[in-house]
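Reader: I have a model open and want to learn how to read it. Where do we begin?

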Amino acid sequence: MPAGPDPQDGVGAEPEVVDVVAAAVLAVPGVHDLHAGVSGEVATYLPGRRVNGIRMREPGCSIHVVLHWGTPVLGTTDAVREAVRPYVAGPVDVTVEDILPPGSTGSAPAAL
């Protein structure tokens with residue numbers, strides 16, 4: 001009898017809410033990346049991994065981001081809230097941790 005999919009590999013598994021929220025945030029124009037906070041304290045822990053930059057709460061969540069240079073901060077943070085509203089009940093706190101310098105295509109410094 002052939003072996004079924006390994007439940008540990010995540011194939012065919014429903015995505016976690018935090019993964020859907022992360023994808024929605026990263027799809028917002030002007031958002032470069034998620035940021036784990038000054039000391040790496042902003043994260044959601046899942047079995048065997050962590051999702052940096054998003055801390056799920058009940059209710060709501062905290063989202064920490066890095067923006068591209070020239071991106072309007074208030075408009076972008078509002079867009080992030082709207083992007084995750086279908087997936088998160090309660091308050092959505094958005095913090096801009098860093099702004100990618102002009103002309104940079106690399107990553108902003110990551111928190112440890």
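Author: We go from the overall fold to two histidines. Keep in mind that this is a predicted model.

Reader: How many helices and strands does the protein chain have?

Author: Start with the secondary-structure count. The protein chain has two helices and six strands. Along the sequence they run α-β-β-β-β-β-α-β.

Reader: What share of contacts joins residues at least 24 apart?

Author: Set a sequence separation, then count. Among contacts between residues at least 6 apart, 64% join residues at least 24 apart.

Reader: And what share of the residues is buried?

Author: Burial is read from relative accessible area, with under 20% as the cut-off. Of the 112 residues in the protein chain, 34% are buried. The chain exposes about 6,800 Å², and carbon and sulfur atoms supply 59% of that.

Reader: Is His35 buried or exposed?

Author: Compare its value with the cut-off. His35 has a relative accessible area of 9%, so it is buried, being under 20%. His35 sits in the loop between β1 (31-34) and β2 (43-46). A polar atom of the His35 side chain lies 2.9 Å from the backbone nitrogen of Gly37.

Reader: Where is His64, and why does it count as buried?

Author: Place it first, then apply the cut-off. His64 belongs to strand β5 (residues 61-68). Its relative accessibility is 12%, so His64 counts as buried.

Reader: Which side chain makes a polar contact with the side chain of His64?

Author: That of Glu97, at 2.6 Å. Now set aside neighbours within four places in sequence: His64 is in contact with several residues, including His35, Asp33, Thr95 and Glu97.

Note on methods
Residues numbered from 1 in each chain as written. Predicted model: local features only at pLDDT ≥ 70, side-chain atom pairs only at ≥ 80, totals over all residues. Heavy atoms only, no water. Helix = DSSP H or I, 4+ residues; strand = E, 2+ residues; numbered from the N terminus. Buried < 20%, exposed > 50% of the residue type's maximum accessible area, 1.4 Å probe, protein only. Polar contact = N/O pair within 3.5 Å; in protein donor to acceptor, adjacent residues only side chain to side chain. Contact = heavy atoms within 4.5 Å. Areas by Shrake-Rupley, 256 points an atom, 1.4 Å probe, with all protein chains shown as cover.
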